[in-house]
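Here are my notes after going through the model, in the order I'd raise them over coffee. Have the viewer open as you read.

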Amino acid sequence: MQHPLYLIGYASGIAGASCHTGEGPLVIQKSPFLLNMNLPLQWKKIIQPLQQQSLLRDDEMIRQVCLELAHEVAELVRYKQRFSIMGGDHTSAIGTWSGVYDTLHDQGNIGLVWIDAHMDSHTPETTESGHIHGMPLASLMGYGYGTLTSILHDAPKLQPENVCLIGVRSFERGEAELLKRLNVRVYFIEEVKERGFIPVLQEAVQQVSRHTIGYGISLDLDSIDPSEAPGVDVPEKNGLSASEVCEGLLQVMSDPKLIGTEIVEFDPTRDKAHLTEKLIANLIKIIANNDKL
Ligand SMILES: [Mn+2]
């Protein structure tokens, strides 16, 4: 019998421009498009911020939900279960990959392919908006709020040479400078359009596999063109094609070094004709049927 794909919902939008991404996993869990596919899925948990937290700062609230997520993910990785995280805003990544780090860091480094319209590599010093969903990649590499760089371990969870970004087309100076200084490979949208998403993804996977025991994929839905994925917190024109992203993921899903995946930033209040919801159901289908862990 096929093992189930474990899903964890990160029902938090605290760190976003609006808080509606927190509703994303709740909509996906009940989505008829997903239910009708009859996939081998098991929802392990939907993580939600505690109510009555007005005394806490945003980064402290995010720390709480990320800690909970990190514990859940660490357990799944320990038992070699297949998993995918449903966001929620992109700070889920801090919890997800801190959890993977917790279980695997004794064995070696982990890699990450970050597919996103943005760089998500701000620190509190460089951010213009103050939104923490623009900071998770920097946090994972050890830069930013101490509350978020110390989830489970007070150590960087990712080494810059084991990280690649794909699809970037909207960013600010401070975060671009950080990635440049750290020598992180960024595939900007122009390069992806010129070469095609699939060869770029394959090259990125090679790079994040080279010095690691395994890698993950963190897919921000805003990487995809808003005409195909309008239900996101911060849409950006001129994005990736949904069919290419699906085809690319299909090809890497059978890679034994793939540890887990994450699909984030779904804002159901901005979706049009369930386009984004259907796309997410299709992505989950690709992951559930092909992940060979
Ligand atoms: Mn993002």
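1. Let me start in the sheet. Strands β7 and β8 (residues 258-264) run parallel and are joined by 6 bridges. To find the register, look for Gly216, which sits opposite Gly260 in β8. Keep in mind throughout that this is a predicted model.

2. On to β7 with β4: that pairing is parallel too, again over 6 bridges. Here the pair to click on is Gly111 and Tyr215, with Gly111 standing opposite Tyr215 in β7.

3. How buried is β7? Strand β7 covers residues 214-220, and 7 of its 7 residues are buried, so the rest of the structure largely encloses it. Both of its faces are covered. Gly214, Gly216, Ser218 and Asp220 are buried on one side, while Tyr215, Ile217 and Leu219 are buried on the other.

4. Strand β4 (residues 110-115) also runs parallel to β5 (residues 163-168), joined to it by 4 bridges. Ile115 is the residue opposite Ile166 in β5.

5. Now zoom out. The whole thing is an open sheet of 8 strands with parallel pairing, and the order reads β2-β1-β3-β8-β7-β4-β5-β6. At the edges you have β2 (41-47) and β6 (185-188); each has a single partner strand, so one side of each has no neighbour in the sheet. From one strand to the next, the twist averages 15°.

6. The largest nonpolar core holds 88 residues, and Leu112, Val113, Cys164, Ile166 and Ala204 have the most contacts inside it. Which helix gives the most to this core? That would be α3 (residues 58-78), with 9 residues.

7. Val113 deserves a closer look. Leaving out residues up to four places away in sequence, Val113 touches Cys164, Ile166, Ala204, Val205, Val208, Tyr215 and Ile217. Two of the names there should ring a bell: Tyr215 and Ile217 are among the buried residues of β7.

8. Helix α3 also packs against α4 (residues 92-104): their axes come within 7 Å and cross at roughly 40°. That angle makes α3 oblique to α4. The crossing is right-handed. On the α3 side the contact includes Val65, Leu69, Val73 and Val77, and on the α4 side it includes Ile94, Val100 and Leu104. Some polar or charged names turn up as well, among them His71, Glu72 and Arg78 of α3 and Asp102 of α4.

9. Next, the backbone oddities. Most peptide bonds are trans, and most residues other than glycine have a negative phi. Against that background, Gly87 and Gly88 are joined by a cis peptide bond, with omega about 10°. Gly88 lies in the loop between β3 (82-87) and α4.

10. Asn38 has a positive phi, near 50°. You'll find Asn38 in the loop between α2 (32-35) and β2. Is Asn38 buried or exposed? Asn38 is exposed, because just 8 other C-beta atoms lie within 10 Å.

11. Glu265 is the other residue I'd flag for phi, which is positive and near 75°. Glu265 is in the loop between β8 and α11 (275-290). Glu265 counts as buried, because it has 29 C-beta neighbours inside 10 Å.

Technical notes: Residues are numbered from 1 along each chain as its sequence is written. This is a predicted model: local features need pLDDT of at least 70, side-chain atom pairs count only at pLDDT 80 or more; totals for chains, interfaces and linings use all residues. A nonpolar core is a set of buried Ala, Val, Leu, Ile, Met, Phe, Trp, Tyr and Cys residues joined through C-beta atoms within 7 Å. A residue is buried if 20 or more other C-beta atoms lie within 10 Å of its own, exposed if 12 or fewer, and partly exposed in between; C-beta atoms are placed from the backbone. Two residues are in contact if their C-beta atoms, placed from the backbone, lie within 7 Å. Two strands pair if DSSP finds at least two bridges between them. Axes are lines fitted to C-alpha atoms, for helices over the stretch in contact, and angles run from 0 to 180 degrees between N-to-C directions. Angles under 35 degrees count as roughly parallel, over 145 as roughly antiparallel, 65 to 115 as roughly perpendicular and the rest as oblique. A crossing is left-handed if the near helix is turned anticlockwise from the far one by less than a right angle, and right-handed if clockwise.
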